[in-house]
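Here are my notes for your review. Please read them with the structure open.

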Amino acid sequence: MADQPSLKDVRAATLVNPKAKKPVSLSDFETHGGKIFDSKKDAKASLEEDALAINGLQDARFAGKAGALLIVMQGIDTSGKDGTTKEAFKYTSPLGVHVHAFGKPTEEDLAHDYLWRLHKRTPRRGHIGVFNRSQYEDVLVVKVRKLAPPELVEQRYEQINQFEKHLVENGTRVLKLMLHMSKKEQGDRLRERLEVPEKRWKFNPSDLEDRKLWPEYEAAYETVLQRCSTPWAPWHVVPSDSRSRRDAIAAKLIRGELEAMKPEYPDPGYRPEQFSID
Ligand code: AMP
Ligand code: MG
């Protein structure tokens with residue numbers, strides 16, 4: 001690919017085509033990102049440019065209170081859900097950006113339908129909401145670890161599609177990013193978490209149990225990509241073995257969503273010449 005990939009290039013390389021007839025296989029998507037960015041240097045330059053653009057676009061959206069953007073960030077432990085969010089929004093005012101990490105459901109969550117806790121956290125107009133894990137955990141971990149009967153899980157794909165359709169039709173764009181990482185890279189990152197004192201808090205022994213279920217998670221992700229990449233909220237598979245490429249690819253896609261919303265500063269309702277300030 002030429003020096004810097006365009007938004008179109010990045011979209012084409014990561015999109016799970018909602019209309020594709022062929023079953024989705026994760027092996028058709030690279031984990032490295034080398035086909036999109038030749039070098040880490042290119043990726044870093046691209047991220048700088050896009051992170052600055054994201055700030056400008058979001059500033060106008062916040063002022064104009066136009067439309068909401070929900071970013072669904074899914075990926076196995078260590079794939080970089082936190083890191084990607086931090087980098088893409090490093091120049092953006094935190095005022096209008098809300099990140100919510102969905103861990104194990106609380107007692108109160110479990111006393112409601114599974115979408116209840118998600119819908120409560122969707123962003124308001126002018127804001128960006130990032131879901132670090134999401135409604136998809138209810139067809140990923142819940143399926144793989146058999147936390148609900150299979151027939152309930154089976155119904156959820158269509159329910160999630162309809163939930164997202166409802167959001168989109170009511171003024172929320174939905175960008176879904178699956179951070180796609182190799183098992184080898186996860187091994188390196190888990191070891192790093194144990195070795196580096198400042199990273200130890202991120203390690204959880206249950207991460208290793210999930211790692212043992214790697215093939216089951218891959219299959220569950222493929223089903224999600226197959227059944228929940230819709231014309232209104234398609235999935236993007238983001239190569240995540242290289243942190244710099246991952247961040248640059250995600251930032252490009254986020255910038256693309258914000259641009260598509262055509263943000264404009266609102267009319268202030270006065271003419272500046274009306275006033276003189278001593
Ligand atoms: P982390 O993102 O590493 O802080 O871990 C959060 C944990 O919560 C992960 O192990 C998730 O699989 C788990 N989790 C998230 N959503 C659900 C859910 N709906 N049911 C059960 N476990 C969940
Ligand atoms: Mg974890």
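The points below cover the ligand site, the nonpolar cores and two helix residues.

1. Status. This is a predicted model. Treat each value below as computed from that model.

2. Ligand shell. Which residues surround ligand 1? The shell consists of D77, F102, G103, K104, P105, R117, R133, E137, D138, V141, V142 and L147. By class, six of the shell residues are charged, five are nonpolar and one is polar.

3. Polar contacts to the ligand. Start with the backbone: an N or O atom of K104 sits 3.2 Å from a ligand 1 oxygen. Two side chains also take part. R117 places a side-chain N or O atom 3.1 Å from a nitrogen of ligand 1. E137 has a polar side-chain atom 3.1 Å from an oxygen of ligand 1. On its own, ligand 1 has 500 Å² of accessible area, and the protein covers 76% of it.

4. Main core. The largest nonpolar core holds 37 residues. Its members with the most contacts to other members are V16, Y136, V139, M178, V224, L225 and W235. Six elements supply at least two residues each: strands β1 (68–75), β4 (172–180) and β5 (235–239), and helices α6 (141–144), α7 (150–169) and α10 (214–228). Which element gives the most? That is α10, with seven residues.

5. A core residue in detail. L225 touches V16, V24, L26, M178, W235 and V237, leaving out residues up to four places away in sequence. Of these, V16, M178 and W235 also appear among the core members that touch the most others.

6. Second core. Another core lies apart from the main one. It has 28 residues, including A43, V97, I128 and A251.

7. E164. This residue lies in helix α7. Is E164 buried or exposed? E164 counts as buried, because its relative accessibility is 0%. Its side chain makes a polar contact with the side chain of Y136, at 2.6 Å. Y136 is itself one of the best-connected members of the largest core, in the sense of touching the most other members. Leaving out residues up to four places away in sequence, E164 touches Q135, Y136, K176, W232 and A233.

8. Q162. Helix α7 also contains Q162. With a relative accessible area of 40%, Q162 is partly exposed. The C-alpha atoms of Q162 and P150 are 20 Å apart, and the two residues are twelve places apart along the chain.

Notes:
Residues numbered from 1 in each chain as written. Chains lettered and ligands numbered in written order. Predicted model: local features only at pLDDT ≥ 70, side-chain atom pairs only at ≥ 80, totals over all residues. Heavy atoms only, no water. Near = heavy atom within 4 Å. Polar contact = N/O pair within 3.5 Å; in protein donor to acceptor, adjacent residues only side chain to side chain. Areas by Shrake-Rupley, 256 points an atom, 1.4 Å probe, with all protein chains shown as cover. Nonpolar A, V, L, I, M, F, W, Y, C, P; charged D, E, K, R; others polar. Core = buried A, V, L, I, M, F, W, Y, C linked by side-chain atoms within 4.5 Å. Buried < 20%, exposed > 50% of the residue type's maximum accessible area, 1.4 Å probe, protein only. Helix = DSSP H or I, 4+ residues; strand = E, 2+ residues; numbered from the N terminus. Contact = heavy atoms within 4.5 Å.
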